[in-house]
Amino acid sequence: MRLLRLYPRAWRARYGEEMLALLEQHHLSMRTRINLLRGALDAQLHRGSPIMSGNRRPSVRWSLLVALLPSTFVGVHWLCQLYPFPGDSTLWNALVVLGMMVAVLAPTWAGTSAQAMGGRLRDSAVAGGLVGMAALLIAWIVSWGLTIAGLAGVFAWAADLQGGSGHIAFSFGPYLAQVWPEVLLGAGEFAVVGCLAGTALGLAGGWLGRGAGGGWLRRIVGRPGAQLSTWSDPQG
Amino acid sequence: MPIQQQRANDLADLGRFSEPALLVLASLAEGPKHGYAMMQDILEFHGARIEPGTLYGVLARLEPRGWISALPIEGRRRPYRLTAAGAAVLQAHLTVMRRVVSTGLNRLEPRGSRVAS
């Protein structure tokens, strides 16, 4: 049964054989196949997750994933600035707006998670600040990575135009030596802005998670518990 | 919050899996069953066809919570049984549901009479 291969290894080790036995008795309709696909996606998304195990501590993996999302969008935005797309830029503008929304949601989510873990408002502020700072710092690193990759591409293209004669030479060493103060300053600015904005958003998220209006948020991120997963993937 | 209400909410915390989880718990209340037997039983007493992906998504959520426990494998099939904690959650949820059903029916009755008259 190929569809079962889509489930995490730990899942298959725990439930694979009995699922196979069940599927041998069950008519494999299109609905069943789609349901198995959905089940595999669910199992992959919640691999070792508190939602599955009842142990509602927000996992580091999920926190990093949330922090990486805005970084990706900021990186795309940076790339668009390097290579402006002619004509309609609606898609890119939409991506930037989406990225900003996620960037706002990440520290808010962290703040609510801290409440869900039973923390105080101060913990929400710290969690929001850390996630906000991490998100913008990663965005900054991604931006510079794209800048350097873009420069390398431009110079390779220019060298090709010259017939590969090597008249255009570019060395990253002197370039980086020249720009590193600006890079550090920029990273510092991003870190401070991310931390301050993240702290404020974390506080807001904490307040939402604590107040009566935060029931739905609390339900999404869960509540503290003490049980351990019986099928958490040992390979992460 | 009363303990009963809290236990009922515990089941609701399972999100889209809360309804199939309720059906699985109700099925196991009769006695230990393996996956296919649960599907057949639920189809019989409720009319809902639970697909394998959903069933095992539910089992993977109920077992770590200690609401059901796996028994030794029989051939290639593993039966599951309802634990005391699972029975308490089921009891709490059904009690709340019974109150809702009873209230709803009571409130509908005079309206029905009014419409009829």
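**Entry 1: a term to settle**

Before looking at any pair of helices I noted that angles of 65 to 115 degrees count as roughly perpendicular.

**Entry 2: confidence**

I reminded myself that this is a predicted model, and that it scores ipTM 0.83 and pTM 0.51. I then looked up chain B, which averages a pLDDT of 87, with 85% of its residues scoring at least 70. Among the elements of chain B, I found the lowest mean pLDDT, 65, in helix α1 (residues 3-12) of chain B, and the highest, 97, in strand β2 (residues 80-82) of chain B. I kept in mind that where pLDDT is low, the predicted coordinates should not be read in detail.

**Entry 3: layout of chain B**

I counted 5 helices and 2 strands in chain B, and reading along the sequence I wrote down the pattern α-α-α-α-β-β-α. Of the 117 residues of chain B, 38% count as buried. When I took the contacts in chain B between residues at least 6 apart in sequence, 53% of them joined residues at least 24 apart.

**Entry 4: helix α2 of chain B**

I asked how many residues of α2(B) are buried. I found 8 of the 11, so α2(B) is largely enclosed by the rest of the structure. The buried residues are B:P20, B:A21, B:L22, B:L23, B:V24, B:L25, B:S27 and B:L28.

**Entry 5: α2 against α4**

Next I looked at how helix α2 (residues 18-28) of chain B packs with helix α4 (residues 52-62) of chain B, and found an angle of about 80°, with the axes 9 Å apart. The two helices are therefore roughly perpendicular to each other. On the side of α2(B) the contact is made by B:P20, B:A21 and B:V24, and on the side of α4(B) by B:T54, B:V58, B:R61 and B:L62. Sorted by class, these are 5 nonpolar, 1 polar and 1 charged residues.

**Entry 6: the nonpolar cores**

I then looked up the largest nonpolar core, which has 33 residues, and the residues with the most contacts inside it are B:A21, B:V24, B:L25, B:L55, B:V58, B:L59 and B:L62. At least two residues of this core come from each of α1 (9-25) of chain A and, in chain B, α2, α3 (35-45), α4, β2 and α5 (84-116). I followed B:V24 further and, leaving out residues up to four places away in sequence, found that B:V24 touches B:M38, B:V58 and B:L62. There is also a second, separate core of 20 residues, which includes A:W109, A:A125, A:L136 and A:W140. As background I noted that in soluble globular proteins nonpolar side chains tend to be buried together.

Technical notes
Residues numbered from 1 in each chain as written. Chains lettered and ligands numbered in written order. pLDDT = per-residue confidence, 0-100. Helix = DSSP H or I, 4+ residues; strand = E, 2+ residues; numbered from the N terminus. Axes fitted to C-alpha atoms, helices over the stretch in contact; angles between N-to-C directions. Parallel < 35°, antiparallel > 145°, perpendicular 65-115°, else oblique. Contact = placed C-beta atoms within 7 Å. Nonpolar A, V, L, I, M, F, W, Y, C, P; charged D, E, K, R; others polar. Core = buried A, V, L, I, M, F, W, Y, C linked by C-beta atoms within 7 Å. Buried ≥ 20, exposed ≤ 12 C-beta atoms within 10 Å, placed from the backbone.
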